[in-house]
Amino acid sequence: MIKTEYYKDLTKMNTFGMKVKARCFMEYDSVADLVDIEFEELARPVLHIGGGSNLLFTDDFKGTVLHSNINFIEILDTPCHSEPSCHSERSEESSSPVLVSVGSGVVFDDFCDWAAKEGLWGAENLSYIPGEVGASAVQNIGAYGVEVKDIIHKVYCYDTVEEEFVSFSLEECGYGYRDSIFKKPEIKGRYIVTHVVFALSREANPQLGYGHLRDAVMEAANQNITPAAIRKVIIKIRKEKLPEPSVMGSAGSFFMNPVISLEHYQKIEAAAKAEFGPDYKVPHYDLPDGMVKVPAAWMIEQCGWKGKRSGGAAVYDKQPLVIVNYTGDAYPEEIIGLERRIIASVKTKFGVELHPEVDHI
Ligand code: EPU
């Protein structure tokens with residue numbers, strides 16, 4: 001069924017809590033519904049949203065906002081099991097990946113919760129990330145050393161240009177850090193994700209290399225390390241560091257972590273050691289290609305922005321990578337003003353250009 005509403009209030013459909021309206025809002029709840037939508041006739045521009053957790057509406061939306069309500073989670077038999085000659089066990093019992101098909105409208109954390117309860121490994125580190133499954137595959141969401149691409153098997157879409165259903169293998173999705181082919185300007189908006197097939201595992205595969213995650217999990221779970229135990233620890237860490245969208249509006253990390261050359265990093269490190277002493281350690285991650293990723297949170301904090309307010313907007317005091325709608329009444333201009341000033345000061349102090357992770361609409 002397709003539900004259409006005009007001049008729809010989107011305040012509750014964007015986690016930043018911007019008080020904006022959409023001229024037309026359409027929600028569909030099955031893959032088949034997409035065939036009935038006359039894409040050529042929709043008021044333009046057309047924007048497909050998920051949980052609205054990675055965007056900043058800068059004004060009322062003059063076109064059509066689409067939203068998927070396709071909600072299912074289903075374990076698939078591995079291809080081998082459909083072959084009559086194949087006598088191996090079902091995917092649930094073997095060590096082969098457990099393929100799980102999930103509708104694009106499923107809240108991503110509901111999927112993580114389901115997987116943890118099923119004892120399936122792979123999604124636990126991604127627990128409590130806001131947003132929905134369709135957007136997760138576009139954005140390549142990530143946290144605590146895992147990106148969603150690590151568990152994606154295939155992405156199924158509706159091609160609004162050719163009006164046909166298509167699928168993309170993991171390689172075809174072209175995943176990078178918070179990036180995929182679905183974000184490339186030439187094709188942005190063309191493909192609507194209908195469902196994603198994830199490859200999970202019944203074999204223990206804890207990913208505990210990020211920061212102090214291993215210690216936190218060992219302390220909380222002792223020897224009994226399960227997807228559910230890791231999920232519980234991750235949720236606790238996220239709740240301590242990140243604002244709860246229902247309490248204070250935000251879109252999670254506002255900026256991406258910049259990647260710079262080793263030479264550039266060494267200059268930043270030398271300046272920090274000159275300022276704070278020779279033992280000072282600049283947080284960073286060495287990448288396989290010789291480049292260095294430096295947490296934007298650290299740079300923003302060094303520029304003195306942590307906890308700073310500007311009108312209704314503020315830099316979150318526990319994690320400066322997050323800009324918050326502090327009063328609940330912030331105007332988009334106040335958020336953008338803060339964004340511009342942060343970018344300018346990081347550029348001046350470190351010579352690094354920050355790029356927003358959040359989509360400006
Ligand atoms: N840091 C500071 N000051 C702070 C907070 C952090 O200097 O107040 C430095 C610390 O050195 C810390 C480092 O920043 O070790 C990294 O911090 P954190 O582990 O919180 O991760 P992040 O790089 O800031 C990324 C993702 C988050 C994800 C976390 C955890 C991006 C843009 N953000 O943040 O994703 O939850 O790692 O894995 O990559 C999101 O995308 O919305 C999001 C929340």
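This report covers the domains of a predicted model, the contact between domain 2 and domain 3, and the surroundings of the ligand.

## Domain layout

The domain assignment divides the chain into domain 1 (2-68), domain 2 (73-241) and domain 3 (249-360). Between the C-alpha centres of domain 2 and domain 3 the distance is 28 Å. Where these two domains touch, domain 2 contributes 7 residues and domain 3 contributes 9 residues.

## Contact between domain 2 and domain 3

About 690 Å² is buried between domain 2 and domain 3, and 40% of this area is on carbon and sulfur atoms. On the domain 2 side, the residues that lose the most area to domain 3 are Tyr177, Arg178 and Lys241. Together they make up 63% of what the domain 2 side buries.

There are 2 salt bridges between domain 2 and domain 3. Arginine 178 also takes part in a salt bridge with glutamate 357, with their side chains meeting at 3.3 Å, N to O. Polar contact between the two domains involves 3 residue pairs, counted with both residues at pLDDT 80 or more. The side of domain 2 that touches domain 3 consists of 4 charged, 2 nonpolar and 1 polar residues.

## Ligand surroundings

The ligand has 26 residues around it. Those that come nearest are Tyr144, Tyr177, Tyr210, Glu301 and Lys306.

For tyrosine 177, an N or O atom of the side chain is 2.7 Å from an oxygen atom of the ligand. Arginine 178 places a polar side-chain atom 2.9 Å from a ligand oxygen atom. In the case of arginine 238, the distance from a side-chain N or O atom to an oxygen atom of the ligand is 3.0 Å. On its own the ligand has 820 Å² of accessible area, of which the protein covers 83%.

## Residues in both settings

Tyr177 and Arg178 appear in both descriptions. Each is among the domain 2 residues that lose the most area to domain 3. Facing the ligand, tyrosine 177 has its side-chain N or O atom at 2.7 Å from a ligand oxygen, and arginine 178 has a polar side-chain atom at 2.9 Å from one.

Note on methods. Residues numbered from 1 in each chain as written. Predicted model: local features only at pLDDT ≥ 70, side-chain atom pairs only at ≥ 80, totals over all residues. Heavy atoms only, no water. Domains from an automatic or database assignment. Contact = heavy atoms within 4.5 Å. Buried area = accessible area lost by both parts, 1.4 Å probe. Salt bridge = Lys/Arg side-chain N within 4 Å of Asp/Glu carboxyl O. Polar contact = N/O pair within 3.5 Å; in protein donor to acceptor, adjacent residues only side chain to side chain. Nonpolar A, V, L, I, M, F, W, Y, C, P; charged D, E, K, R; others polar. Near = heavy atom within 4 Å. Areas by Shrake-Rupley, 256 points an atom, 1.4 Å probe, with all protein chains shown as cover.
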